[in-house]
Amino acid sequence: MKRLVLILIVILAAWPAFAFNPFVEAGIDQHPGAQVPFDIVFRDEQGHPVTLRSLGQGRPIVLAPVLHNCPNICGITLSGLVQAVQTQSFLPGRDFVIVSFGIDPKEGPTEARKSMADLEKAFPSLPTDGIRALTGAAPDIKAVTQVLGYRYAWDEGIGQYAHIAAVAVLTPDGRLARWLYGVAPEPADLKLALTEAGEGRLGTWGDQLLLLCYHYDARTGRYDSMVNWLLRIGGGVTVALGAGLIGIALLRERRRGSPP
């Protein structure tokens with residue numbers, strides 16, 4: 001009996017180590033400039049074989065890792081992305097292409113087609129050539145997501161993949177430019193990321209100049225105003241100098257008050 005109790009205590013103590021933790025399993029590791037395998041063959045929503053290179057056709061790609069048949073945030077992520085797209089000046093299909101990239105290898109063109117139909121119903125003005133949905137085999141999906149640093153894992157407890165909401169902005173030749181986090185990227189951040197990914201071939205002179213005024217923060221997936229960034233640095237320097245001056249003043253006072 002004592003031995004059985006001891007075994008149960010050991011199992012219960014070790015249980016947290018074996019429990020699935022989505023906050024550990026799912027996330028993004030920053031791989032700026034990583035080259036995505038651009039010529040792997042996937043299937044689009046019609047079942048046709050396509051590659052990321054053939055979809056991009058020399059344009060930046062906004063790649064959204066999703067579950068096409070997702071009961072949680074994937075539909076919201078795509079809707080938030082489309083809303084951001086519609087409130088900035090670059091046009092999907094003309095200036096860039098959106099790729100809804102399925103991460104579940106069990107899904108196929110049927111699930112991808114339904115996902116696109118739901119999106120087109122919600123956004124009837126969305127150009128049909130501006131967004132495509134892909135599915136593929138597990139090794140091919142992993143080849144793309146691992147290069148991008150996008151981590152996800154199967155959760156037996158809920159019977160689906162744990163993943164986070166984010167979109168990757170790729171250059172026309174398939175290199176990772178920026179990650180934008182959240183279910184709905186800010187339109188200004190999306191435009192700045194597309195301008196940066198376009199490498200001088202997308203946007204006006206003013207759009208290119210605007211990049212000089214903003215700094216990308218990899219921790220937040222946002223573009224911060226360079227003025228605010230410099231102000232934060234200046235504030236930190238001011239605090240450090242102030243603390244140093246106070247320390248010097250206290251040291252002088254101590255020396256003055258000490259006996260000869």
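Trainee: Quick one to start: are Y150 and Y152 buried or exposed?

Mentor: Both Y150 and Y152 are buried, with the caution that we are looking at a predicted model rather than an experimental one.

Trainee: And how do the rings of Y150 and Y152 pair?

Mentor: They form a tilted aromatic pair, with 6.0 Å from centre to centre and 40° between the planes. The count of aromatic pairs comes to 5, and another of them joins Y150 to W179, this one stacked, at 5.7 Å centre to centre and 20° between the planes.

Trainee: What does the pair of Y150 and W179 tie together?

Mentor: Y150 belongs to strand β7, residues 150-151, while W179 belongs to strand β11, residues 176-181, so the pair ties together parts that are 29 residues apart in sequence. W179 is buried, as is Y150.

Trainee: Which residues do the ring pairs link into a cluster?

Mentor: The cluster is made up of Y150, Y152, W154, Y161 and W179, linked by ring pairs.

Trainee: Changing topic, how far can I lean on the model, what's the average pLDDT?

Mentor: The protein averages a pLDDT of 80, and 70% of the residues score at least 70. Residues 4-18 have a pLDDT below 50, and that stretch makes 0 contacts in the model beyond near neighbours in sequence. Residues 227-239 also stay under 50 in pLDDT, and for this stretch the model has 2 contacts beyond four places in sequence.

Trainee: How many helices and strands are there?

Mentor: The secondary structure comes to 9 helices and 13 strands, and of the 260 residues of the protein, 42% count as buried. If you take the contacts between residues at least 6 apart in sequence, 70% of them join residues at least 24 apart.

Trainee: Now the pocket, what volume does the largest one have?

Mentor: Its volume is about 270 Å³, and the lining consists of 16 residues, with H68, G75, K114, S115 and D118 lying nearest the centre. The elements that give two or more residues to that lining are α4 (74-86) and α5 (109-122).

Trainee: Which element gives the largest share?

Mentor: That is α5, which supplies 7 residues of the lining.

Trainee: And how do the lining residues divide by character?

Mentor: For the largest pocket, the lining divides into 7 nonpolar, 6 polar and 3 charged residues.

Trainee: H68 was on that list, so what about L67 just before it, where is L67 found?

Mentor: L67 sits in the loop between β4 and α4, and because its relative accessibility is 4%, under the 20% cut-off, L67 counts as buried. Beyond residues up to four places away in sequence, L67 touches C74, I103, D104, E107, Q160, Y161 and H163. Y161 is also one of the residues in the ring cluster.

Trainee: How far is L67 from A162?

Mentor: The C-alpha atoms of L67 and A162 are separated by 10.0 Å, with their places 95 residues apart along the chain. A162 itself lies in strand β9, residues 160-162, and is buried, with a relative accessible area of 9%. A162 can also be set against G27, since the two are 135 residues apart in sequence and 9.4 Å apart in space, C-alpha to C-alpha.

Trainee: What does T135 touch?

Mentor: Not counting residues up to four places away in sequence, T135 touches F42, R43, H68, E107, G108, P109 and A112. T135 is placed in the loop between β6 (131-134) and α6 (138-148), and is buried at 4% relative accessible area.

Trainee: Then D39, which residues is D39 in contact with?

Mentor: Leaving aside neighbours within four places in sequence, D39 is in contact with T51 and R53. D39 has its place in the loop between β1 (27-28) and β2 (42-43), and D39 and T51, 12 residues apart in sequence, are 5.3 Å apart from C-alpha to C-alpha.

Trainee: Last one, what is the phi of Q57?

Mentor: Q57 has a positive phi of about 50°, although Q57 is not a glycine. Most residues other than glycine have a negative phi. Q57 lies in the loop between α3 (52-56) and β4 (61-66), and is exposed, with a relative accessible area of 60%.

How values were computed:
Residues numbered from 1 in each chain as written. Predicted model: local features only at pLDDT ≥ 70, side-chain atom pairs only at ≥ 80, totals over all residues. Heavy atoms only, no water. 1 Å grid on protein atoms, 1.4 Å probe; cavity = no way out; pocket = protein on both sides within 12 Å on 5 of 7 lines; lining within 4 Å. Points joined across faces, edges and corners; volume = space filled by probe spheres on them. Helix = DSSP H or I, 4+ residues; strand = E, 2+ residues; numbered from the N terminus. Nonpolar A, V, L, I, M, F, W, Y, C, P; charged D, E, K, R; others polar. pLDDT = per-residue confidence, 0-100. Contact = heavy atoms within 4.5 Å. Phe/Tyr/Trp six-rings, centres within 6.5 Å; stacked < 30°, edge-to-face > 60°. Buried < 20%, exposed > 50% of the residue type's maximum accessible area, 1.4 Å probe, protein only.
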